[in-house]
Amino acid sequence: MISPTSGVSPAKKEELDVVGQELLNELLKMRVDKEESTSKVIDLPVEKLFNKSEKEELGGWTYYKLFGEPASKLPDFNIKVYKDTDWSIEWQTHIPDVTKFQHYVKDHTVLYPLMLGIQHNMNTLLTGPTGCGKSSVVEYVCSVIRQPFFRLNGRQDMESDTILGKVWVAGGEMKYILGDFSKARRDGCMILWDEVWKVPSGIQMALQRMYEREGVLQLDDMPGTLEEKQIKPDPRGRLILADNVVGVGDGLDKYAATLIQDASTLNRMEMVLTCDYLKPDDEIGMLEAIHEHLPKTQARKMVQLAGLIRTGFS
C-alpha cells in the first residue's frame, strides 16, 4: 500500500504535517500514480464519509450524474443542486454561466473529494502552483450546482473591516455596513477565499469562531446586543480557502507575499487538497476542443512550451 505522503518532498511533507497527519490519513488518502494514469486512485477509504442511507438511497442529482463516473469506481453520493430562483436577485448575478466551462477538463482526484467536503460542509483548503486551477474548479462546481460564487482575494494590507464590515456615516446617521464577505456568509454563497495566506495572521484570528463547525461571525464593532452582533451562516453556504502553500510560509521564496499563519487557524482546516497541472494529453485535447482548426502539432508545441515555463518557475 502506498502511503498518502509517498513521493512528496521533505519540505512539502513538513507542511502537510502541520495540519495533522491523522487528519490527512482520514480525509486525503487519494494519491495519483502520475507515471501510469491520472485515473488510478490509490488507497481511498471514503466509507467513513458515507452513512448507510446515503449508500442505499441515491436519488435526484448524484456525483456520477453531474460529473461522470471516476475510473476508480468510487461510491456515488447525493449532491444538492439549486434553482437560480432559490437565491435573491442580487446573488443570482453571482451564479457562474455553465457555458463558460463547456470544455472544462475534470480531474476526479480533486473534484471527487472536493464535492465530498462540500456535501459534508468541511472547511477545505486547496493548494497548488500558480495557474493549476484551484479557483476555476470551485467556480465550475458553482456553475453546475447553481450556487452563487463569491471570491475574495487576500492581500497583506487587508483590514478586518474590509471583510466583516464597518461603521459609516450616511444621511447624517451612523450605520454599520456589512462587508461583502459577511453578506455572502449570511446568505449561503459558496465563498472562495483566494490567496488566503497573504492576509495577516491577526486578521485570521478574528475569524477563528467562524472556522469552527457551524461557526458564527461575531462583529464586535457593530452597535447592538451580542445577539445582533452575531451572523449565523446560512446552512447552504460553504467556505473554501486557496493558496499556493499550506500556511507555514514559503521556504523557497517563490511566493514572497505568503505570511506564516497561526497553528490554530491551520488546525481548523478539515480537508487539504493538492491541485496540479493537467496531463499534457488532457491539455492538448482541451486546446483542440476550444480551437477546432488548431493543428495537433501546434497544440502539442504550445503545451510543451507551457511545461518548460512551469519547470523554470519551479
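Visitor: Does R146 count as buried or exposed in this model?
Guide: The model is predicted. R146 has a relative accessible area of 19%. The cut-off for the inside class is under 20%. So R146 counts as buried.

Visitor: Which residue meets R146 in a salt bridge?
Guide: Side chains of opposite charge can pair when their charged atoms come close. Here the N to O distance is 3.0 Å. The partner's relative accessible area is 31%, so this partner is partly exposed. R146 pairs with D84.

Visitor: How many residues apart are R146 and D84, the two partners of that salt bridge?
Guide: The side chains of R146 and D84 meet at 3.0 Å, N to O. The pair links distant parts of the chain. R146 is in the loop between α7 and β4, and D84 is in the loop between α4 and α5. Along the chain, they are apart by 62 residues.

Visitor: How many salt bridges does a search of the whole structure find?
Guide: R146 with D84 is one of them. K73 with E69 is another, at 2.9 Å, N to O. For the whole structure, the search gives nine.

Visitor: Which of K73 and E69 is exposed, and which is partly exposed?
Guide: Exposed means over 50% relative accessible area. K73 has 60%, so K73 is exposed. E69 has 43% relative accessibility, so the partly exposed residue is E69.

Visitor: Which strands hold D194 and R151?
Guide: D194 forms a salt bridge with R151, with the closest N and O atoms 2.7 Å apart. The pair links distant parts of the chain, 43 residues apart. D194 is in residues 190-194, strand β7, while R151 is in strand β4.

Visitor: Is D194 buried or exposed?
Guide: Its partner R151 has 40% relative accessibility, so R151 counts as partly exposed. D194 has a relative accessible area of 4%. That is under 20%. So D194 is buried.

Visitor: Which residues do salt bridges that share partners join into one network?
Guide: One member is D243, in strand β10. A polar contact of 2.7 Å joins the side chains of D243 and K198. The full network is E195, K198 and D243.

Visitor: What is the relative accessible area of D243?
Guide: D243 touches many residues outside its own sequence neighbours, among them L125, T127, K134 and W197. D243 is buried, with a relative accessible area of 0%.

Visitor: Which residues touch the most other members of the largest nonpolar core?
Guide: In soluble globular proteins, nonpolar side chains tend to be buried together. This core has 33 residues. β4, β6, α9, β7, α11 and β10 each supply at least two of them. The residues with the most core partners are F150, F181, W193, Y211 and L241.

Visitor: How many residues are in the other core that lies apart?
Guide: The largest nonpolar core includes W193. Apart from this core lies another, with L66, I118, V138 and I240 among its members. Its residues number 32.

Visitor: Which residues form a nonpolar patch on the surface?
Guide: One of them, V169, is found in strand β5. V169 is exposed, with a relative accessible area of 55%. Together the patch has about 300 Å² of accessible area. Its residues are V167, V169 and M174.

How values were computed
Residues numbered from 1 in each chain as written. Predicted model: local features only at pLDDT ≥ 70, side-chain atom pairs only at ≥ 80, totals over all residues. Heavy atoms only, no water. Helix = DSSP H or I, 4+ residues; strand = E, 2+ residues; numbered from the N terminus. Buried < 20%, exposed > 50% of the residue type's maximum accessible area, 1.4 Å probe, protein only. Polar contact = N/O pair within 3.5 Å; in protein donor to acceptor, adjacent residues only side chain to side chain. Contact = heavy atoms within 4.5 Å. Salt bridge = Lys/Arg side-chain N within 4 Å of Asp/Glu carboxyl O. Patch = residues over 30% accessible without salt bridge, like charges linked within 9 Å, V, L, I, M, F, W, Y side chains within 5 Å. Areas by Shrake-Rupley, 256 points an atom, 1.4 Å probe, with all protein chains shown as cover. Core = buried A, V, L, I, M, F, W, Y, C linked by side-chain atoms within 4.5 Å. Lists of a residue's contacts leave out its neighbours within four places in sequence.
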